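Colleague: Could you walk me through this structure and show me how each label is earned?
Modeller: Gladly, let's look at it together.

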Amino acid sequence: MNKELIYDYCNNHSNKNSQILNEIEKHTWSNEEVPQMISGQLVGNFLQLIIHSIKAKKILEIGTFTGFSALNMAEKLPDKGELHTCEIMKKHVETAQSFF
């Protein structure tokens with residue numbers, strides 16, 4: 001089976017990104033030198049599944065990039081949940097903060 005058909009099937013049958021995640025993704029693909037570093041919808045859905053399954057209340061993310069995965073995971077945390085994220089590139093910190 002064609003790899004692209006499988007990818008399209010997965011995207012079409014997965015939870016859709018929220019509006020803010022779509023904005024981050026669009027910004028990333030338009031402004032970053034290596035936009036393929038973004039985790040994207042499928043990885044984001046998998047992360048949310050894990051968070052929901054283990055009833056996570058605290059998350060530590062190493063490497064924020066443009067903030068897509070951080071906000072994606074934050075969407076599944078309970079009201080008093082915490083997400084801490086670390087990024088060393090100032091450009092990426094500023095981009096992520098603009099969306100946070």
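Modeller: One term before we start: two residues are in contact when heavy atoms lie within 4.5 Å. Keep in mind, too, that this is a predicted model.

Colleague: Thanks! What do the buried residues of H2 pack against?
Modeller: By that contact rule, the buried residues of H2 pack against helix H4 (68-74) and helix H5 (90-99). The buried residues in H2 are Leu21, Ile24 and Thr28.

Colleague: How do you know that the buried residues of H2 line one face of the helix?
Modeller: Look down the axis of H2: its buried residues fall within an arc of 60°, so they line one face. In general, an α-helix has 3.6 residues a turn, so residues three or four places apart point the same way. The face of H2 turned away from the buried side carries the exposed residues Gln19, Lys26 and Ser30.

Colleague: What span does H2 have, and what is expected?
Modeller: H2 covers residues 19-31, which is 13 residues, and reaches 18 Å from its first C-alpha to its last. The expected value at 1.5 Å a residue is 18 Å, and H2 is close to that.

Colleague: Now to H4. Why is Ser69 called buried?
Modeller: Ser69, found in helix H4, has 11% relative accessibility. Buried means under 20%, so Ser69 counts as buried. Leaving aside neighbours within four places in sequence, Ser69 is in contact with Ser39, Leu47 and Glu61.

Colleague: Why does Ile50 count as partly exposed?
Modeller: Ile50 sits in helix H3 (residues 40-54) and has 35% relative accessibility. Partly exposed lies between the 20% and 50% cut-offs, so that is the label for Ile50. Ile50 also belongs to a nonpolar surface patch with Phe46, Leu49 and Ile54, and together they have about 410 Å² of accessible area.

Colleague: What makes the phi of Lys55 worth pointing out?
Modeller: Most residues other than glycine have a negative phi. Lys55 is not a glycine, yet its phi is positive, about 55°. Lys55 is in the loop between H3 and strand E1 (58-62). At 63% relative accessibility, over the 50% cut-off, Lys55 counts as exposed.

Colleague: And Phe65: buried or exposed?
Modeller: Phe65 has 7% relative accessibility, which is under 20%, so Phe65 counts as buried. Phe65 lies in the loop between E1 and H4. Phe65 also has a positive phi of about 55° although it is not a glycine.

Note on methods. Residues are numbered from 1 along each chain as its sequence is written. This is a predicted model: local features need pLDDT of at least 70, side-chain atom pairs count only at pLDDT 80 or more; totals for chains, interfaces and linings use all residues. Side-chain values use heavy atoms; hydrogens and water are left out. Helices (H or I, at least four residues) and strands (E, at least two) are DSSP runs, numbered from the N terminus. The expected span of a helix is 1.5 Å times one less than its number of residues. Buried means under 20% relative accessible area, exposed over 50%, partly exposed in between (1.4 Å probe, protein chains only). The arc is that of the directions from the helix axis to the C-beta atoms. Patches are made of residues with over 30% relative accessible area and no salt bridge: like charges are joined within 9 Å, nonpolar side chains (Val, Leu, Ile, Met, Phe, Trp, Tyr) within 5 Å. Accessible areas come from the Shrake-Rupley method with a 1.4 Å probe; for residues, only the protein chains shown count as cover. A salt bridge is a side-chain nitrogen of Lys or Arg within 4 Å of a carboxyl oxygen of Asp or Glu.
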